[in-house]
Structures are given as structure tokens and as C-alpha cells.
Amino acid sequence: MTGAQEWEAKQDIAEVLLRYATGIDQRDWELFETCFTGNCHCDYGDVGVWERVEAITAFMVDAHAGVGHTLHRITNIAINVDDEVAATARCYVDAVIMARDGGSGVNAMGYYDDELVHTPVGWRIARRRYTMVHVGAVG
């Protein structure tokens, strides 16, 4: 893999991580699903474990159905491209999930450790592990 190919892969992978946050915050579940392989494994610790993109999407739809605005901020993206078809990434997430009234909510912070694969439709998360670092009330 050339330096240019690695740079392009890292840009594409960073876009996947940001697309995840955008999909949730805009409740665009079709966009959200484009972040994962069909047979993904997502381990969010005490929150839950899901096999397959349909399962993680169904959880996110249900989890966000009764809330107001959300802001999932993805930062500190570190990507290692193993080769043309495999990569790993770690990024931080700082999520604010507001109640429908906008007066209260939750702030959850942690990080994602991802294994990504390059598919015919681009890079996708095949395995994800979320580690919670802090949860606190807002408002």
C-alpha cells in the first residue's frame, strides 16, 4: 500500500466514524447502517451486545425514539491501516442526549475500538467495542 493509498483509506475510515454520529443525530437510520458490515459484532458493555447491523440499528432506533436532540461528537480519531482490506481505529465519543423538553439530559463519554474491513461499497465497521468512561446528568 502506498502512502497515498493509506492516506485515502484513513480519510474514508474517518468519514465512516463521523457518518455514524451523523446518522444517529439526524435519525437517518439508512445512513447509520452504511457504517457497519451486515454481520457486525457490536459490544457496548453494560449497554448491550448486538450481532448484525439490523440488531444494532433496531437498538439505536428504540434508544433514540423518546429523546430530543442528540449530539455525538467524535474526536481523537487514530487509525491504523493494516492493508488494503483491514484496519483498526480508536476514537472518543462525547454524546449529549437531551430529553424531549430540552431542559435535561445525559452526557455520556467513552471511546470506540473498531475493526474495519474494506468491502465493495467501502470501509465498514466489522467489530466495535465501546468503553464507557463517564455518564452524568445535564440540566
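Here is a short chat about a predicted model, for someone meeting the structure for the first time.

Me: Hi! What kind of model am I looking at?
Reply: Welcome! This is a predicted model.

Me: Let's start inside. How many residues does the largest nonpolar core have?
Reply: That core has 33 residues, and Tyr20, Phe36 and Tyr44 have the most contacts inside it.

Me: Which elements give two or more residues to this core?
Reply: On the helix side they are helix 1, helix 2 (29-33) and helix 3. The strands are strand 1 (36-43), strand 3, strand 4, strand 5 and strand 6.

Me: And which element gives the most?
Reply: Helix 1 does, with 8 residues.

Me: You mentioned Phe36. What does Phe36 touch, leaving out residues up to four places away in sequence?
Reply: Phe36 touches Tyr20, Cys42, Val53, Arg124, Ile125 and Arg128. Tyr20 also appears with Phe36 among the core residues that have the most contacts.

Me: Speaking of cysteines, how many disulfides turn up in the whole structure?
Reply: The search finds 0 disulfides. For Cys35, which is in no disulfide, the nearest cysteine sulfur is that of Cys42, 10 Å away.

Me: How about Cys40, where is its nearest cysteine sulfur?
Reply: The nearest one again belongs to Cys42, and it is 4.0 Å from the sulfur of Cys40. A disulfide needs the two sulfur atoms within 2.5 Å, so that pair does not count as one.

Me: Is Cys35 buried or exposed?
Reply: Cys35 is buried, with a relative accessible area of 0%. Cys40 is also buried, and its relative accessible area is 0% too.

Me: New topic: pockets. How much space lies in the largest one?
Reply: About 350 Å³. The pocket is lined by 18 residues, and those closest to its centre are Val47, His72, Ala95, Ile97 and Ala108.

Me: Which elements give two or more residues to that lining?
Reply: Two helices do, helix 1 (3-25) and helix 3 (53-65). Strand 4 (86-99), strand 5 (105-119) and strand 6 (122-138) do as well. Helix 3 gives the most, with 4 residues.

Me: How do the lining residues divide into nonpolar, polar and charged?
Reply: There are 16 nonpolar and 2 polar residues, and no charged ones.

Me: Now the backbone. Which residue other than glycine has a positive phi of about 90°?
Reply: That is Arg52. You can find Arg52 in the loop between strand 2 (49-51) and helix 3. Arg52 counts as partly exposed, at 42% relative accessibility.

Me: And what is phi for Asn76?
Reply: Phi of Asn76 is near 45°, which is also positive in a residue other than glycine. Asn76 sits in strand 3 (residues 67-81).

Me: What about Thr131, where is that?
Reply: Thr131 is in strand 6. Not counting residues up to four places away in sequence, Thr131 touches Met109, Gly110 and Tyr111. The C-alpha atoms of Thr131 and His64 are separated by 20 Å, with the two residues 67 apart along the chain.

Me: Last one: is Gly139 buried or exposed?
Reply: Gly139 counts as exposed, at 93% relative accessibility. Gly139 belongs to the segment after strand 6.

Me: How far is Gly139 from Ser104 in space?
Reply: They are 4.5 Å apart, C-alpha to C-alpha, while being 35 residues apart in sequence.

How values were computed
Residues numbered from 1 in each chain as written. Predicted model: local features only at pLDDT ≥ 70, side-chain atom pairs only at ≥ 80, totals over all residues. Heavy atoms only, no water. Buried < 20%, exposed > 50% of the residue type's maximum accessible area, 1.4 Å probe, protein only. 1 Å grid on protein atoms, 1.4 Å probe; cavity = no way out; pocket = protein on both sides within 12 Å on 5 of 7 lines; lining within 4 Å. Points joined across faces, edges and corners; volume = space filled by probe spheres on them. Nonpolar A, V, L, I, M, F, W, Y, C, P; charged D, E, K, R; others polar. Core = buried A, V, L, I, M, F, W, Y, C linked by side-chain atoms within 4.5 Å. Contact = heavy atoms within 4.5 Å.
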